Amino acid sequence: MSEVSADSGNGDTDPPMRGGDEILLAFARALRAGGVPVTQDRTHDFLAASAELGADDPAAVRIAGRATLCASPDDLSRFDEVFEAFFNARDGLPRPRPSTVSEPDVSPLPFEDGEEGETEQVDEVVRAAASAAEVLRHRDVASMSAAEKYRLAAMFATLRPRAPLRRTARHQRWHRGQVDASRTLRSSLRRLGEPSQIEWRRRGRRPRRVVLLVDVSGSMSSYADALLRLAHRLTQGIGTVETFTIGTRVTHVTRAMRIRDTERALVAAGDTVPDWSGGTRLGETVRFFLDRWGQRGMARGAVVVVFSDGWERGDAALLGEQMARLRRIAHRVVWVNPHRGKDGYEAVQQGVVAALPYLDDFVAGHSLATYAELVEVIADA
């Protein structure tokens, strides 16, 4: 893990583990998976507050969690939903789980035309399910409930990423292209000089590297979980993907994204990134990425994708300079803005205005449908 700041961490040490802390840590991970940006510092504060108020009291744990794990009013409703599902409690009081009631077997009345009525009913159910999935594909991720995000997480498997290709110096056999004189001559010599079939060749092709810079600042917190799921899907589908999170610092999370299980990968990334829901210093973070990794070769000839809304708290001129620098060494620069596809959007953010002259593609990134379009943009780069 590398950071823009000179210090390597905040100096905090993990609190000693007490009885029941494993359950509280599991709840914090579930809350992060539900869309609440839970950091390590907030998790430590949650454990300490629960121990102070009484970890055996559900109401105390609920109060401690709302006070330490939630960063905005939007997080409170998600906290309540996850708390309800995780602890099966409401208002801090235990509630028994509902018993499973088997649905009664209903024998439908026979139709006059045999099985035609049953076929129509099945078709209606299938069309309704397909319609609901299609609506969810186009929904804004930030406006989804925890249940809808859970369904959306399973739909990321429908994305089929393809690696962008680059031509290599070596040639390979092909059915058309340039005449391969040396191979044609060797084939003729094997036939004692008799004419043989003409051999063809073309330049070889290899996958081109893809670099993802994911903004995890406060303004992007509602999209961070979906963007990391997209990064995980790209990493598993393409392979030649490097992922970084940017905000006030730069963190290399490729190792976490290479974990095959999605939930474990997100938990590992959450434990690695120190600046969830922090500020935004795009100019400084892009410069640090180029100095540390990009200029040395990681961004050279690569497809670089920046996920950010463009809210810059630092110097916008610095961001423009670094984007121009990135454009000179990258094969293609793509900027993904979650507000790009919304009605009435105008590129007035100073970060977006500074970066626009150096972008090859400026696309939307607020729904699963836009992520599918982004996959095609990367493949065609």
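Before I begin, a word on classes: when I say nonpolar I mean Ala, Val, Leu, Ile, Met, Phe, Trp, Tyr, Cys and Pro, when I say charged I mean Asp, Glu, Lys and Arg, and the others, Gly among them, I call polar. Please also keep in mind that what we are looking at is a predicted model.

With those classes in hand, let me start with the second largest pocket, whose volume comes to about 390 Å³. There are 21 residues lining this pocket, and the closest to its centre are Ala33, Gly34, Ala146, Tyr150 and Arg229. Sorted by class, the lining holds 14 nonpolar residues, two polar ones and five charged ones. As for where these residues come from, the elements that supply two or more of them are H1, helix H4 (73–87), helix H6 (146–155) and H8, and of the elements it is H6 that gives the most, with seven residues.

Let me turn now from the pocket to the enclosed space. How many cavities of 30 Å³ or more does the count give? The count comes to one cavity, and the volume of this largest cavity is about 190 Å³. Its lining is made of 18 residues, of which Arg32, Val36, Asp225, Leu228 and Trp276 are the closest to the centre. Two or more lining residues come from each of helix H1 (21–33), helix H8 (221–238) and helix H10 (262–272), and here H8 makes the biggest contribution, with four residues. By class, the cavity lining divides into 10 nonpolar, four polar and four charged residues. If you have the structure open, you may like to look at H1 and H8 together, since both are named among the contributors to the cavity and both are named again for the second largest pocket.

My last topic is a pair of packed helices. In general, two such helices are described by the angle between their axes and the distance between the axes. For helix H2, residues 40–53, and helix H3, residues 58–68, the angle is about 150° and the axes lie 9 Å apart. Angles over 145 degrees count as roughly antiparallel, and H2 and H3 are therefore roughly antiparallel to each other. The crossing in which H2 passes H3 is right-handed. On the H2 side the contact is made by Arg42, Asp45, Phe46, Ala49, Ser50 and Leu53, and on the H3 side by Ala60, Val61, Ala64, Gly65 and Thr68. Taken together, the residues of this contact divide into six nonpolar, three polar and two charged.

Key:
Residues numbered from 1 in each chain as written. Predicted model: local features only at pLDDT ≥ 70, side-chain atom pairs only at ≥ 80, totals over all residues. Heavy atoms only, no water. 1 Å grid on protein atoms, 1.4 Å probe; cavity = no way out; pocket = protein on both sides within 12 Å on 5 of 7 lines; lining within 4 Å. Points joined across faces, edges and corners; volume = space filled by probe spheres on them. Axes fitted to C-alpha atoms, helices over the stretch in contact; angles between N-to-C directions. Parallel < 35°, antiparallel > 145°, perpendicular 65-115°, else oblique. Left-handed = near helix turned anticlockwise from the far one by under 90°. Contact = heavy atoms within 4.5 Å.
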